[in-house]
Amino acid sequence: MSQTLVLGIESSCDETAAAVVADGKEVLASVIHTQVEEHAQWGGVVPEIAGRSHLRALRPVLEQALMDAGIVAADLAGIAVTNRPGLLGSLLIGATAAKALAWAWEKPLVGVHHIEAHIYAALMTLEAPQFPFITLVVSGGHTSLYRTTSPLCHELLGSTRDDAAGEALDKASKMLGLGYPGGPAIQQAAVQGNPKAFPFKLPLLSRDSLEFSFSGLKTALLYTIKGPGGKMADDWLIPQSHLADLCASYEHAVATTLVRKCVRACQQTDIHQILVGGGVACNKRLRTLMHMEANKVGIEAVFAPPEYCTDNAVMIAGLGFELLQRGQTADLNLDVYARA
Ligand code: KG4
Ligand code: ZN
């Protein structure tokens with residue numbers, strides 16, 4: 001039986017990516033051009049720079065993906081592209097390219113929801129997923145918990161009231177002078193640190209809440225290094241030698257909060273499986289803590305593979321396959337949306 005090959009295109013933020021995936025599972029090619037260095041000097045993603053960079057990178061990335069997969073356009077069953085949520089200028093580059101290719105190659109087109117695709121990256125690791133799952137999507141722009149009943153059905157249980165977990169790590173990293181992106185920088189700086197050295201109060205909100213809040217944690221970090229109000233002189237209140245401890249403690253507070261909410265969601269819904277995707281799901285402390293705490297109460301935690309946690313097109317092609325199977329195709333009027 002021949003395989004169903006889908007070309008995935010991702011350009012919602014600062015990664016230009018293309019991938020070819022067979023039957024929603026087998027990765028034939030995955031190419032990612034990251035813009036991290038172009039944005040690093042600004043301390044975060046600059047939308048104007050992102051859009052222009054996607055425009056330059058997309059064609060070579062697409063050509064490389066087809067070449068790596070060893071296929072030609074005629075072999076494809078369809079083209080999947082992220083069309084929501086994300087930076088409008090960036091989404092437009094990918095969506096316009098996808099529409100042009102779908103028209104020229106006479107292939108069906110599907111529009112993919114970026115957050116649902118992050119969840120699919122974790123689902124892809126399972127041979128035969130047994131729904132339902134509690135799902136945590138944790139990235140630079142999102143921190144949300146869902147009850148997932150199929151690859152395309154996700155009931156929102158709670159999300160962040162302010163900063164996303166990745167944003168909290170990115171902002172902390174900037175504050176500590178560790179650069180962008182903050183998650184990997186903090187993880188690296190925290191390796192030798194003591195996670196109990198600075199016992200930050202966990203932002204768990206009320207007992208039953210499945211919502212998150214990370215802005216208070218960020219303020220607590222600021223006050224720890226710069227004193228009450230964060231307005232002390234340029235120098236830190238505490239010796240710089242505490243950097244590793246600070247990072248480990250902050251990372252521990254973020255990870256513990258995420259883990260506790262996932263376990264709480266499982267207990268409230270009587271579900272015993274957790275899926276985790278999104279850039280912050282790369283974090284080693286989060287992975288270790290989640291497996292440990294979940295195992296204690298008989299819950300299985302499934303993470304997306306680290307290479308498919310941050311933005312990539314494999315997850316777009318994967319979910320695109322599911323949409324294609326269900327006939328949920330788009331026409332050439334497919335639009336892009338900043339919000340989901
Ligand atoms: O999923 P993603 O690539 O983009 C969004 O959709 O937002 O996630 C990017 C986020 C950034 O905030 C980055 O700091 C964080 O993921 N991140 C990490 C790690 N790698 C990336 N956070 C913690 N630990 C990591 N190893
Ligand atoms: Zn993402």
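Helices here are DSSP runs of H or I that span at least four residues, numbered from the N terminus. The structure is a predicted model, and the exercises below work through its metal site, its ligand shell and several of its backbone features.

**Exercise 1. Describe the placement of the two histidines that bind the zinc ion (ligand 2), and work out how the arrangement of donors is classed.**

Solution. Begin with the helix: His-114 and His-118 both belong to helix H4, which covers residues 114–123, and they stand four residues apart, or about one turn of the helix. Both His-114 and His-118 are buried, which rests on the cut-off of under 20% relative accessible area.

Next, list the coordinating residues: His-114 and His-118 each offer NE2 to the zinc ion (ligand 2), while Asp-311 takes part through OD, at 2.0 to 2.1 Å. Along the chain these donors follow the spacing H-x3-H-x192-D.

Finally, examine the angles. The four donor atoms around the zinc ion (ligand 2) subtend angles of 93 to 135°, and the arrangement is therefore irregular.

**Exercise 2. Identify which residues come nearest to ligand 1, which helices supply its shell, and how much of the ligand the protein buries.**

Solution. Start with the shell, which holds 20 residues; Gly-140, Asp-170, Gly-183, Gly-279 and Asn-283 come nearest to ligand 1. At least two shell residues come from each of H4, helix H5 (165–175) and helix H6 (182–190), and H6 gives the most, with four residues.

Then turn to the polar pairs. An oxygen atom of ligand 1 lies 3.4 Å from a polar side-chain atom of Ser-139, and an oxygen atom of the ligand lies 3.0 Å from a backbone N or O atom of Gly-279. In the case of Asn-283, an N or O atom of the side chain is 3.1 Å from a nitrogen atom of ligand 1. As for burial, ligand 1 taken alone exposes 560 Å², and the protein buries 89% of that.

**Exercise 3. Asp-170 is among the residues that come nearest to ligand 1; establish where Asp-170 sits and what its side chain reaches.**

Solution. The first step is to place Asp-170, which is found in helix H5. With a relative accessible area of 25%, Asp-170 is partly exposed.

The second step is to follow its contacts: leaving aside residues up to four places away in sequence, Asp-170 touches Tyr-180, Pro-181, Gly-182 and Gly-183. The side chain of Asp-170 comes to 2.7 Å from the backbone nitrogen of Gly-182. Within this group of contacts, the peptide bond from Tyr-180 to Pro-181 is cis, with omega near -5°, and Pro-181 belongs to the loop between H5 and H6.

The third step compares sequence with space, since Asp-170 and Gly-43 are 127 residues apart in sequence, yet 8.6 Å apart from C-alpha to C-alpha.

**Exercise 4. Locate the cis peptide bond that ends at Pro-132, and trace how Pro-132 relates to Gln-273.**

Solution. The bond in question runs from Phe-131 to Pro-132 and is cis, with omega near 5°; Pro-132 lies in the loop between H4 and strand S6 (133–138). Gln-273, for its part, is in strand S9, residues 273–277. A polar atom of the Gln-273 side chain lies 3.1 Å from the backbone oxygen of Pro-132. Apart from residues up to four places away in sequence, Gln-273 touches Gln-130, Pro-132, Phe-133, Ile-134, Cys-266, Ile-299 and Glu-300.

**Exercise 5. For Asp-23 and Glu-106, state phi, the loop that holds each residue, and the exposure.**

Solution. Take Asp-23 first: it is not a glycine, although its phi is positive at about 55°. Asp-23 is in the loop between strand S2 (15–22) and strand S3 (26–34), and its relative accessible area of 34% makes Asp-23 partly exposed.

Now consider Glu-106, also a residue other than glycine, with a positive phi near 55°. Glu-106 lies in the loop between helix H3 (88–105) and strand S5 (109–113). Its relative accessibility is 72%, and Glu-106 therefore counts as exposed, given that the cut-off for this class is over 50%.

Terms used:
Residues numbered from 1 in each chain as written. Chains lettered and ligands numbered in written order. Predicted model: local features only at pLDDT ≥ 70, side-chain atom pairs only at ≥ 80, totals over all residues. Heavy atoms only, no water. Donors = N, O, S within 2.8 Å, 3.2 Å for Na, K, Ca; no water. Tetrahedral: all angles 85-135°; square planar, octahedral: opposite > 155°, others 65-115°. Buried < 20%, exposed > 50% of the residue type's maximum accessible area, 1.4 Å probe, protein only. Polar contact = N/O pair within 3.5 Å; in protein donor to acceptor, adjacent residues only side chain to side chain. Contact = heavy atoms within 4.5 Å. Near = heavy atom within 4 Å. Areas by Shrake-Rupley, 256 points an atom, 1.4 Å probe, with all protein chains shown as cover.
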